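Hi,

Here is the structure I promised to send over. Have a look at it first, and then read my notes underneath.

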Amino acid sequence: MANSKKSLGALVRALEKRVQIDEKACYAASFDSMKYSFMPEAVVTPRKEAEVGKVLELANTYGVPVTPRGAGTSRTASATPIEGGWVLDLSKLDKIVIHSMQGQAQVQAGAVTAAVQQRAEEAGWFYPPDPSSKKYSTIGGNIACNAGGLRGAKYGVTRDYVVALRGYLPTGEGVEWGTATRKNATGYNMRDLWIGSEGTLGVVTGATLKLVPKPETRWTVLLAFPDEATALTAVEVLLESKVLPSICEFLDRNAVKGAEAFTGKPVFKGMPERAVILLELDGPAVLVREEKKRVLEWAKRWAEAFKPSRNEAEAEALWAVRRACSPAMFRLADSKLNEDVVVPLDKQVKLMQEARKLENRYKLPVAVFGHAGDGNLHVNIMYRREEPREVKRAHQAVEALMKAVVRLGGAMSGEHGIGLAKSPFLSLQFSPVEIQAMKAIKDALDPIGILNGRKIFERTPLWELRPVEHQFPWDRS
Ligand SMILES: Cc1cc2nc3c(=O)[nH]c(=O)nc-3n(C[C@H](O)[C@H](O)[C@H](O)COP(=O)(O)OP(=O)(O)OC[C@H]3O[C@@H](n4cnc5c(N)ncnc54)[C@H](O)[C@@H]3O)c2cc1C
């Protein structure tokens, strides 16, 4: 255990104005969107990339745990300072430079995703990764979690847009992985090892991102289906016909019911609680026109009803149901476990059936919505946090879900990562040899284990973890 007085003293001496030790600042950094609070001892907010290296160097000298943090929107408690120590807040490193000729953006880790998208679009380019948290999430957090989002089916995930990275090893030395070139076949691909490593193998301070030309036009259609199986089978048929929608969001009947109660309006008049697909095409106008014809033919064959958009305003109105379903869930219970599982495209119907079984077996509301174009359906298990038996049943339901997903040939996370929320289930996905290989990499890069410890590998369920005993500065006064 670190000698807190000595280490904190050294940190304040080295980075005085960047360090906050007051209770308010520490509390604000003590949890992410999983809302499990573990108090850190200090929050450090570098304004120069080299200061990140200094923080890590000191942390190694004194054995202090460090938790990197972007915006704290993590869905897995991966940004929660479970071991106390220092939170390394990257949000003030937020420069964005667009290189139009190269079709690239040079960004610092704290740049907000939506700001990168906006700057790219102002220059006629497009940055496709589109997590729903984009107004808050940072590029560093997106890289650490390999974030996906709504446009995954056509455009892929964050990894597909990271050309090069720079940052600091857990031991504090600066590194650059990759170059701002179109190609690179030089040495181990450490860039891709860092992407999705949830801030356990290094801290990203900057990245070169690939941009693509901004789509000329988009077209949106909202479709109602009598049940979930029909909706998901229709998606399979559409994808098989080689239409590649930029967005293909699925909402099960529970999600639609919630959204209808939330907005006070039926999604389709006279047809309550249908399963719904929100589909978007984008690209050159001539191609979208062609694909639109094929989608309309498909819609007539498969959907009970559909509403195509005629302009941008109508397209936005169609999005209302998708936007409402997330907040609407909290009318069912105050807490949710949002499991971003992913299965092969032809197993989505089976996944949906498994979700229904969970609802019956564990007596909890379960709503499924998300990215049907790439098999990344989000299973939302709702529970009341103050009811210990419900908390237990919710976590049992997650375990049953993970088993089903692995059985279906899928993965426990498509975009949120593992953090602490899914770490007890790691052995369902990986063999002991595979887990040992991952741990060997962690040990090689972080020999004294200071960087985002226990994330990915912790076996105790999050809801059973207790904060470490700390002496905080405010306890001493
Ligand atoms: C309402 C809502 C909607 C969401 N929708 C989506 C979605 O559609 N798709 C999706 O993929 N995710 C989604 N998420 C999850 C979350 O937004 C993403 O995981 C996002 O990438 C986290 O970014 P952040 O900046 O908030 O990172 P944080 O939450 O601060 O951190 C996340 C992880 O990254 C690490 N980290 C942060 N910055 C760095 C850095 N510079 N270097 C190294 N490690 C770092 C942290 O230690 C932690 O492990 C959603 C979350 C919310 C709350």
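**Strand β8 and its partners**

Let me start with one pair: A164 has T208 of β10 as its bridge partner. Keep in mind as you read that this is a predicted model.

That pair belongs to a longer run of contacts, with 6 bridges joining β8 (residues 162-168) to β10 (residues 203-210) in an antiparallel arrangement. Strand β8 also pairs with β9 (residues 174-177), again antiparallel, through 4 bridges. There, Y168 sits opposite G174 of β9. The hairpin made by β8 and β9 has 5 residues between its strands, and in it G172 takes a positive phi near 100°. As for surroundings, β8 is largely enclosed by the rest of the structure, because 5 of its 7 residues are buried.

**Domains**

Zooming out, the domain assignment splits the protein chain as follows:

- domain 1: 4-91 + 441-476
- domain 2: 96-213
- domain 3: 217-327
- domain 4: 332-417

I looked at how domain 1 meets domain 2. Their centres, taken over C-alpha atoms, are 23 Å apart, and 24 residues of domain 1 are in contact with 23 residues of domain 2. On the domain 1 side, α3 (49-62) and α16 (432-445) each supply at least two of the residues that touch domain 2. The largest share comes from α3, with 6 residues. If you care about the chemistry of that side, the classes are 11 nonpolar, 8 polar and 5 charged residues.

**The seven-stranded sheet**

Then there is an open sheet of 7 strands with antiparallel pairing, in the order β15-β12-β14-β13-β17-β18-β16. Its edges are β15 (305-308) and β16 (335-339), each of which pairs on one side only. On average, neighbouring strands in this sheet are turned by 15° against each other, direction ignored.

At the β16 edge, 5 bridges join that strand to β18 (residues 376-383), and the two run antiparallel. S335 stands opposite Y383 of β18 here.

Which strands does helix α12 touch as it packs on the sheet? Helix α12 (residues 320-328) touches β13 (247-251), β14 (275-283) and β17 (366-371), and its direction makes about 50° with that of β13. Helix α14 (residues 388-407) packs on the sheet as well, touching β16 and β18, with its direction at about 160° to that of β18.

Shout if anything is unclear.

Cheers

Key
Residues are numbered from 1 along each chain as its sequence is written. This is a predicted model: local features need pLDDT of at least 70, side-chain atom pairs count only at pLDDT 80 or more; totals for chains, interfaces and linings use all residues. Domain bounds come from an automatic or database domain assignment. Two residues are in contact if their C-beta atoms, placed from the backbone, lie within 7 Å. Ala, Val, Leu, Ile, Met, Phe, Trp, Tyr, Cys and Pro count as nonpolar, Asp, Glu, Lys and Arg as charged, and the others, Gly among them, as polar. A residue is buried if 20 or more other C-beta atoms lie within 10 Å of its own, exposed if 12 or fewer, and partly exposed in between; C-beta atoms are placed from the backbone. Two strands pair if DSSP finds at least two bridges between them. Axes are lines fitted to C-alpha atoms, for helices over the stretch in contact, and angles run from 0 to 180 degrees between N-to-C directions.
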